[in-house]
Structure formats: structure tokens, C-alpha cells
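Biologist: Could you walk me through this one? I'd like to go element by element.

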Amino acid sequence: MSSGNGGRPAPAQFPPPVDPQGEFIKRGLDPEDELIEVGVAIVGGGTAGLACANRLLQLLGEDEELLESLGEVPVAVIEKAKTCGGHNLSGAVMRPGPLEELLSGLTREDWRKEGFAFGAVDKEAVYLMPSATKAVKIPTPPPFKNHGNEVISVAALARYQQRIAEEAGAYVLTETAATQLIVEKGRVVGVRSGDKGRGKDGRPLRNFEPGTDVKAKFTVLAEGCWGHLTGAAIREFGLAEGREPQVWELGVKEVWKVTRPLDRLIHTIGPWPLKVKSKYGQIGGTWLYPMKDEKTGDDLVSIGFVVDLEYADATTSAHDLLQQFKLHPLVREILEGGERISWGAKALPAGGWWSMPKLTMPGALLVGDSAGMVDTVALKGVHHSVLSGRLAGEAIYDSLKRGDKSLDSYAEAVANSSIAEELYEVRNTRQPFQKGFLRGGPLVNMMILTKGRFPGGRWKWHRNDEKPMFIGDTKDGYPKPDGKYTFDKLSSVYITGNATRDDAPNHIRVRKRVPREVAETWAWMCPAGVYEIPDDAPASGPVDVIVNYTNCVQCGAITAKGGRLTTPEGGDGPLYQNL
Ligand SMILES: Cc1cc2nc3c(=O)[nH]c(=O)nc-3n(C[C@H](O)[C@H](O)[C@H](O)COP(=O)(O)OP(=O)(O)OC[C@H]3O[C@@H](n4cnc5c(N)ncnc54)[C@H](O)[C@@H]3O)c2cc1C
Ligand code: SF4
């Protein structure tokens with residue numbers, strides 16, 4: 001933990017009441033007549049998990065004998081959202097290669113007709129934002145070059161992938177959370193699905209349905225950023241030994257229907273509205289991506305703000321920073337007269353190469369964000385999720401074919417792929433920012449220009465929750481929401497279609513009594529307004545935190561900053577459509 005913090009508390013000093021291995025690992029399967037047996041269980045119906053299902057089913061489709069040997073359910077995908085895509089959000093401008101290879105029968109025009117792609121990038125611009133009114137266009141730095149990439153929606157892509165997976169024979173269990181990893185004799189042998197129909201106090205209600213063990217030959221953990229079972233698996237099998245700790249960013253996104261098409265893809269790299277002084281520890285950036293919806297003919301804009309969760313000012317709020325950013329004249333000109341049609345928030349793993357855990361364990365493997373495969377300098381992870389899912393599908397097929405239990409060929413395939421190549425190149429590119437924007441910026445540029453060769457070596461991270469927090473003044477810049485152009489958190493959650501029952505059990509684990517700095521960190525950080533500090537709480541010292549967990553949109557950020565998101569009841573949470 002950081003020392004010399006001048007008495008400032010760090011969230012890591014107040015760890016959540018949770019025992020991942022004790023609670024989330026089940027030792028042994030239920031009797032055969034009480035469980036469901038499948039060939040391969042994939043936890044998480046996002047881009048990565050479904051790419052694995054899609055590829056595996058393509059291969060099994062040409063191998064009837066092997067397909068039949070896997071029984072009635074050769075491939076099961078377990079997804080906690082109401083439908084695949086419901087909990088998925090991304091920028092999302094995607095490097096198209098891996099998806100073109102996976103869906104080789106489709107053209108990019110077909111993607112657009114299917115409704116998950118919205119046009120290729122042919123013009124782009126990057127701006128420095130020195131202040132609330134100025135924007136200076138700069139030559140596009142290499143990581144921001146997007147010419148030829150495709151603007152997509154991962155929520156819509158996942159729904160498309162679900163459809164083709166089901167057509168190819170997958171059993172997709174939506175509204176189902178995998179709550180425990182089942183380990184028998186040192187090997188993952190499946191997962192347990194969560195109970196449904198428990199009340200606030202955990203007691204069964206009249207519609208109670210108990211969870212079931214799902215036994216599988218192989219299990220794929222495709223849970224996205226900081227998975228519930230992935231975290232437990234990493235501890236159980238020591239997958240993070242010798243690696244740097246994982247660190248996180250949080251992004252808040254809106255989709256706007258606009259009156260004039262946006263003619264270019266835009267990134268801004270600050271510093272405004274963040275503060276450059278290193279005491280704030282703030283790093284972040286924004287995007288504005290043009291989207292043409294071919295089904296409706298609408299001109300849309302994807303706009304988002306991403307903030308590194310390494311910050312020290314407890315009043316940093318990605319949601320409010322996005323509202324503030326929309327007031328800049330550059331943005332106003334694009335959105336003015338338009339209408340916000342969607343909102344969502346999600347965290348992403350930012351540690352990159354040095355933080356990637358070992359990818360395999362006996363009986364299971366990690367893909368996509370669960371494996372930390374994101375380049376946060378370029379803000380790119382979708383293509384790695386697709387490729388890792390595909391490579392996992394191929395490795396599992398080969399192991400099944402050989403009758404072999406090893407998944408090592410998956411780790412080798414990733415090591416020899418563009419995933420490793422691209423992430424290695426930017427392996428040290430984010431770490432200098434832990435020194436602050438001004439001191440770290442030149443080093444970051446040097447790393448980018450030399451493709452990671454200079455200054456070289458292995459740069460160390462510390463965990464985001466070890467950062468001592470103070471109550472600063474970032475909040476003073478946030479606009480008062482007008483409900484038309486700028487919004488508060490609750491009206492944002494409202495348009496996500498959040499369907500969490502009012503009497504659902506609490507799925508957020510945090511200490512309820514913490515220093516004011518930690519409580520304020522959670523209250524400002526949470527984009528869904530889950531944490532509240534009572535009005536009569538003392539101005540300093542310990543305070544009691546109120547947790548309005550039914551608002552949660554499962555962005556995962558709390559896990560980075562001192563709490564723990566666990567799986568809610570299947571079907572709860574947002575229902576994202578085009579994020
Ligand atoms: C704000 C933001 C902007 C981004 N912008 C870009 C961009 O412009 N371009 C780009 O290439 N990348 C971008 N990325 C990164 C990219 O979106 C991710 O790398 C990618 O979408 C991850 O896909 P995934 O399938 O691994 O995870 P996810 O999309 O998170 O899918 C995981 C799925 O697993 C389900 N799940 C999790 N745990 C369980 C459980 N225990 N039981 C059942 N279901 C479970 C979840 O509900 C979810 O559906 C961005 C990410 C964010 C957050
Ligand atoms: S409570 Fe839910 S929405 Fe809020 S930060 Fe935690 S995971 Fe995100």
C-alpha cells in the first residue's frame with residue numbers, strides 16, 4: 001500500500017467482507033441426477049464468450065461424430081443479462097480483422113444491415129483541450145489512428161452472435177448468473193448457477209428456484225472486466241503470480257440521435273475537464289464516434305468519457321465529467337438539437353500486458369476482458385475479445401478431438417497472435433501516467449514512438465484501491481443537470497431499462513462504515529448513484545454508507561476502488577440495446 005499518505009485513507013484499508021475462494025469456489029459436484037451435463041460451458045455471453053461458441057460450433061458442425069459425443073448440450077453459454085448484449089457496452093470503434101475472419105461469410109455491408117455496425121472511419125481528428133472553451137487539433141498520434149476501422153455496438157453484436165450460436169446448436173441460458181466455479185481434485189469441472197427468487201434478507205420467496213450444477217468437460221471464463229468467477233479462479237490457481245496487479249478505468253457512454261451527421265471520428269485527450277496537478281491523479285479521455293443506423297436511417301453519435309481509476313480526488317465522477325464535457329463548444333455544436341437515446345457505464349481492465357494473468361488452468365481458460373486483453377492507450381479490446389474467443393474455440397476443439405485434457409495450445413496460440421504482439425508493444429505505455437499527466441505524458445509519448453523499446457524494462461503498477469484519497473474540488477466544475485442536454489445519474493439509470501427487483505438481495509459488498517473520503521469516493525464514482533452518505537453524517541471521520549444496490553448497472557468499478565461487485569440474480573440490471 002502507498003506509504004506517506006499524510007493520514008489520507010486508501011480504500012484498500014477497508015476491504016470488503018468477501019472470501020472469494022471460500023464463497024465462490026464449490027468443492028465437488030452434486031450427484032449426477034441433480035446436475036446438468038454439457039460439453040463446454042461458457043460463462044459470459046459477450047463478444048469473447050460468444051466468439052468462442054461461434055467458432056467451436058463452426059468446427060463441431062463439420063464433425064458430427066465429435067458433436068454427438070458431447071451429448072444433448074454440446075455448448076452452453078451462461079449469461080446473467082436478460083438477453084446477450086444486455087450488459088455489454090463499448091466505445092466502440094473496432095479493428096475489423098478478427099470479426100471478418102470469424103464471420104467469413106459476411107461483408108461489412110452485411111454487418112450494417114444486421115444492425116451491429118454503423119460505418120467505416122474515413123476521417124478523424126484528435127484534440128487537446130486546454131480549457132472549457134478551447135480545442136487544439138493535433139496530428140493524430142499512432143494509437144488514435146482509426147482509418148478503416150468500423151464503429152459498432154457490442155450490445156447489438158452480442159445479440160447477433162447469440163442468434164447464430166443458437167442456430168448452430170448452442171444452448172444459451174440467459175437471465176442466469178454463474179455464481180460458483182466447481183473445482184474437483186484440482187480441476188475446474190463446471191459452474192453453479194445462482195438461485196432465483198430470494199428476498200432482501202436472502203430467504204426464499206414463493207417463486208424460489210434453486211441453482212444447479214452445470215458439469216462441463218471444459219469451462220470458458222468470458223465474464224468481461226473483473227469477473228466474479230475469474231477473480232476466484234485467479235486466486236485458486238495462482239494465475240496472477242509474478243504479474244503486476246490489474247488496474248481499471250471507468251467509461252460512461254451516451255448515444256445521441258443528432259440532426260446533422262458527424263463528419264469525423266473525434267478523440268480528445270484532455271487535460272480539461274480533468275486537472276493536471278499530480279495530486280489529483282486524474283487521467284482520462286473522450287470519444288465522439290459517428291454512427292449511421294442503416295435500419296432506421298438515423299444519424300447517431302456515440303460519446304463517452306473514460307477516466308483512469310487511479311485518481312486521488314474523491315469527487316471524480318465519470319458521469320458528471322461527461323456532462324461537463326458536453327458543455328464544450330466543440331461538443332455542443334455536434335449534439336445541440338439532438339436527443340439522448342441511450343446511456344450506460346462500464347469498467348475496463350487497463351493493466352495490459354504485465355497484468356494479464358496466466359490464461360489457462362486445469363479444465364478452464366480465460367478470454368477477452370476476463371484475461372485483461374485491452375490496449376487502453378488506443379482504447380481497443382473488442383478485436384482481442386473476438387480473436388481470443390476464436391482461438392479458445394479452436395484449442396478446445398483440438399483437445400476434445402484428441403481426447404486430451406490440456407488447454408496449453410490456447411496459451412500458445414495467444415502468445416503467437418496479434419493479441420500478444422499488440423499488447424507487448426504498449427506494455428509500459430500507461431504506467432508513467434501514475435506520475436500524473438504532466439510528468440508522465442512525455443514518457444508515454446516516448447514509449448509510443450519507440451513501440452515500447454524506450455525506456456523499456458518492466459514498469460510497476462500499484463492497485464487503484466491503494467491510492468490515498470482526499471476530498472477535492474473536481475466536483476465544483478460539474479454542471480447542474482437540465483434534463484435535456486445534461487442529466488443526473490438517476491435519470492441516466494432510468495433509460496437503461498434496469499430491471500432489478502426492489503426486494504432483490506444485495507449483491508454489492510462494501511464496508512458500511514468507512515472514513516468520509518472513502519464514502520465520498522464511492523458516492524461520486526458510482527455512475528448509477530448507488531452509494532449515499534446521510535445528510536446528517538459528520539463532515540470528517542467515519543460515516544455510514546447507504547447502498548441503493550437496485551440502481552446498480554453492474555459496471556464493476558467498485559471492485560477497483562475498495563468494494564466488490566458480486567453476481568446479482570440472473571436477469572437483473574440494465575438492458576443495453578445499442579451501446
Ligand atoms: C467505456 C469503454 C469503451 C471502450 N471502447 C472501445 C473501443 O472503442 N474499441 C474497442 O475495440 N474496445 C473498446 N473497449 C473495450 C471493449 O469493449 C472490451 O474489450 C470488450 O467489449 C470485452 O468483451 P468481453 O466479451 O471480454 O466482455 P464483456 O463485453 O464485458 O462481456 C462479458 C459478459 O459476461 C457476462 N457475465 C459476467 N459474469 C458473469 C457470470 N458470473 N455469470 C453470467 N454472466 C456473466 C456479462 O453480463 C457480459 O455479458 C471499451 C470498453 C469500455 C468499457
Ligand atoms: S454499485 Fe454497480 S454501478 Fe455503482 S460502481 Fe458499483 S458496480 Fe458500478
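Biologist: What length does helix 2 reach from its first C-alpha to its last?
Modeller: This is a predicted model, where local features need pLDDT of at least 70, side-chain atom pairs count only at pLDDT 80 or more, and totals for chains, interfaces and linings use all residues. Residues are numbered from 1 along each chain as its sequence is written, and chains are lettered from A and ligands numbered from 1 in the order in which they are written. Helices are DSSP runs of H or I with at least four residues, strands are runs of E with at least two, and both are numbered from the N terminus. Helix 2 has 15 residues, with 21 Å expected at 1.5 Å a residue (1.5 Å times one less than the number of residues), and the span comes close to that, at 20 Å.

Biologist: Why is helix 2 largely enclosed by the rest of the structure?
Modeller: Call a residue buried if 20 or more other C-beta atoms, placed from the backbone, lie within 10 Å of its own. Thr-47, Arg-55 and Leu-60 are among those that qualify. Helix 2 is largely enclosed because its buried residues number 12 of the 15.

Biologist: Which strands are the edges of the sheet with the order 4-8-5?
Modeller: Strands pair if DSSP finds at least two bridges between them. This open sheet has 3 strands with antiparallel pairing, and 2 bridges join strand 4 to strand 8. The ones that pair on one side only are strand 4 and strand 5.
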